[in-house]
Amino acid sequence: MAKAFFRLQKFLRRTQFLLLFLTAAYLMAGSLLLLQPTRLIIQQGSRGTSASQALAVLDGMAGAGIVDPHPGPRLPVGMDALQEPAPGQQHSPRWLVSRNSELRQLRRRWFHRLIGDQEPMQTAGFKAMKHAADHKGTYVGCFSDDSRERTLKGAVFYDLRKMTVSHCQEACAERAYTYAGLAYGAECYCGNKLPATASKPEECNSECKGEKGSVCGGVNRLSVYRVEELRAGARRRRNVIYRGCFRAPANLTDTFPASLIQPNLTVEMCSEFCSKKEFPLAVLRARECYCGYATGRFPLHNGADALLCSGLHNASSTAKGQYCLVYQTPVQDTRCTDRKFLTTKSKVFVALSSFPGAGNTWARHLIEHATGYYTGSYYFDGALYNKGFKGEKDHWRSRRTICVKTHESGKTEIEMFDSAILLIRNPYKSLMAEFNRKYAGHLGYATDRNWKSKEWPDFVNSYASWWASHVLDWLKYGKRLLIVHYEDLKQSLIPKLKEMVEFLNMTVTEDRLLCVENNRDGSFKRSGAKQKDFEPFTQEMKDLINRYILTVDEALRGRNFTGLPREYVPR
């Protein structure tokens with residue numbers, strides 16, 4: 001009996017070691033697989049059922065000029081060849097279905113490459129900034145910071161990953177601000193007035209995200225520096241933007257909180273005065289300078305003929321007293337920059353859906369500043385998180401955000417949401433924007449070499465059909481939709497944004513909407529060398545895209561929505 005028990009005990013010990021070894025081997029193998037670049041194998045017909053159902057109602061459109069007798073292009077080399085359809089079915093809605101079920105797998109890999117594509121570029125840019133910031137400002141102290149009424153409100157910057165003291169000082173110095181304040185280890189505030197309430201030095205205890213051992217404020221605390229003058233040769237970013245000629249309000253002193261009267265007043269003098277007072281608008285009328293904000297009394301919506309303002313500096317001008325010149329100073333309008341997560345979970349789960357390159361990030365910027373609440377994302381984009389979109393790191397199903405960004409389509413992904421804002425942009429513009437993002441990030445432009453490579457035609461052939469199927473799927477499965485055209489939002493920002501905010505069941509003041517309009521571009525306008533009169537689309541590409549435009553236009557009208565803007569529709 002004892003011998004049998006001993007054998008059993010020996011067997012169990014060996015089993016324990018064997019299980020431990022197998023578990024360790026399994027974990028190591030999984031880790032190695034995660035570290036290796038994987039190749040996605042796209043299977044024909046994968047997830048095709050839902051997409052087929054989404055477009056079944058459009059089979060009758062094949063006779064509306066959508067059928068192409070010529071064989072279509074293949075997907076990019078290196079992404080596993082897909083089975084080509086019969087020549088007569090190349091661009092019919094059924095071919096659209098099959099293509100997009102495959103593209104759903106393709107686009108997931110594209111998004112997972114987002115952070116990897118952008119990190120080297122961002123790191124390089126940050127290093128350049130760090131080397132440029134050789135000067136050190138004078139540390140003033142630790143101060144209390146009230147998020148509802150900030151003292152340093154000239155400009156606000158976020159870098160939730162690489163913020164340093166020098167980075168913040170350089171940003172404020174370039175805009176000629178006197179003080180730079182850092183908070184939460186990652187936020188930078190600029191201004192010309194020192195905060196009133198000093199705090200204990202030990203309350204500024206947050207380490208800078210990009211510089212170990214350095215202090216960048218704390219929770220509701222600012223580490224404030226007096227910024228030194230830039231070294232010789234460094235350029236100040238003192239951009240003053242001409243907004244136009246406008247009819248002056250009835251009572252200028254009641255409309256604008258600060259004013260200056262000077263005999264030989266110039267635009268530079270007025271702008272400098274208003275910048276020091278930390279107002280975003282400088283208004284000139286003869287020898288008078290006024291500073292303030294765009295408000296209901298003075299919304300800057302109905303500009304006058306510039307000739308009416310041409311003699312404002314002449315005291316005998318007949319236009320004096322009726323019209324004024326308006327300039328935007330380098331000071332940021334901060335009336336709408338405060339944002340937070342929802343205090344209670346949202347009862348309605350709302351999507352902000354679009355095809356990539358359709359302006360989703362810009363729409364999120366507008367919504368966040370209009371409502372004061374963060375937007376979430378179905379993905380995690382480190383570049384956007386680092387620049388202040390804090391909802392990127394929040395789980396997309398937390399319901400702590402006002403809406404959730406998604407580029408997904410298909411029955412399952414769409415029916416998760418109770419309602420959606422569907423943002424549509426001209427496919428020609430969307431494809432170019434997404435191609436730029438792929439090769440140069442959110443704010444750059446692809447190079448000439450990129451556009452002339454084989455990647456561009458392959459990209460168009462693959463992604464044009466996704467643009468169409470994305471809209472068609474949301475029209476089919478979306479429970480409650482608000483259709484917003486990107487071009488309409490750009491042209492009529494306030495009315496369209498108000499419509500979006502109301503759809504989100506929020507109410508905002510007119511002044512806050514005007515503040516959003518004043519900050520409409522945010523930090524998301526592309527910079528760099530933009531090619532003039534550049535036409536990357538061949539006639540074959542245009543024929544392909546135009547068929548999809550006609551399909552989507554008819555589908556929208558079939559659901560009693562307004563069709564696509566006239567500039568989309570081929571003539």
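1. A residue is called buried here when its relative accessible area is under 20%, and in this predicted model both Cys-168 and Cys-188 meet that description. The two residues are joined by a disulfide with an S to S distance of 2.0 Å, and the link is right-handed, with 75° about the S-S bond. Cys-168 belongs to helix 5 (residues 165–174) and Cys-188 to strand 4, so that the pair links distant parts of the chain, 20 residues apart.

2. Helix 5 and strand 4 also hold the partners of another disulfide, Cys-172 and Cys-190 respectively, and the pair therefore ties together parts that are 18 residues apart in sequence. The sulfur atoms of Cys-172 and Cys-190 lie 1.9 Å apart, and the link is left-handed, with -80° about the S-S bond. Cys-172 and Cys-190 are both buried.

3. Cys-142 and Cys-204 form a disulfide as well, with their sulfur atoms 2.0 Å apart and a right-handed link of 90° about the S-S bond. This pair connects distant parts of the chain, 62 residues apart, with Cys-142 in strand 1 (residues 138–144) and Cys-204 in the loop between strand 4 (187–191) and strand 5 (207–208). Both Cys-142 and Cys-204 are buried.

4. With sulfur atoms required to lie within 2.5 Å, the count comes to eight disulfides. The closest cysteine sulfur to that of Cys-324 belongs to Cys-309 and is 6.5 Å away, which is too far for a bond.

5. Cys-324 is buried, because its relative accessible area is 0%, and Cys-403 is likewise buried, with a relative accessible area of 1%.

Terms used. Residues are numbered from 1 along each chain as its sequence is written. This is a predicted model: local features need pLDDT of at least 70, side-chain atom pairs count only at pLDDT 80 or more; totals for chains, interfaces and linings use all residues. Side-chain values use heavy atoms; hydrogens and water are left out. Helices (H or I, at least four residues) and strands (E, at least two) are DSSP runs, numbered from the N terminus. Buried means under 20% relative accessible area, exposed over 50%, partly exposed in between (1.4 Å probe, protein chains only).
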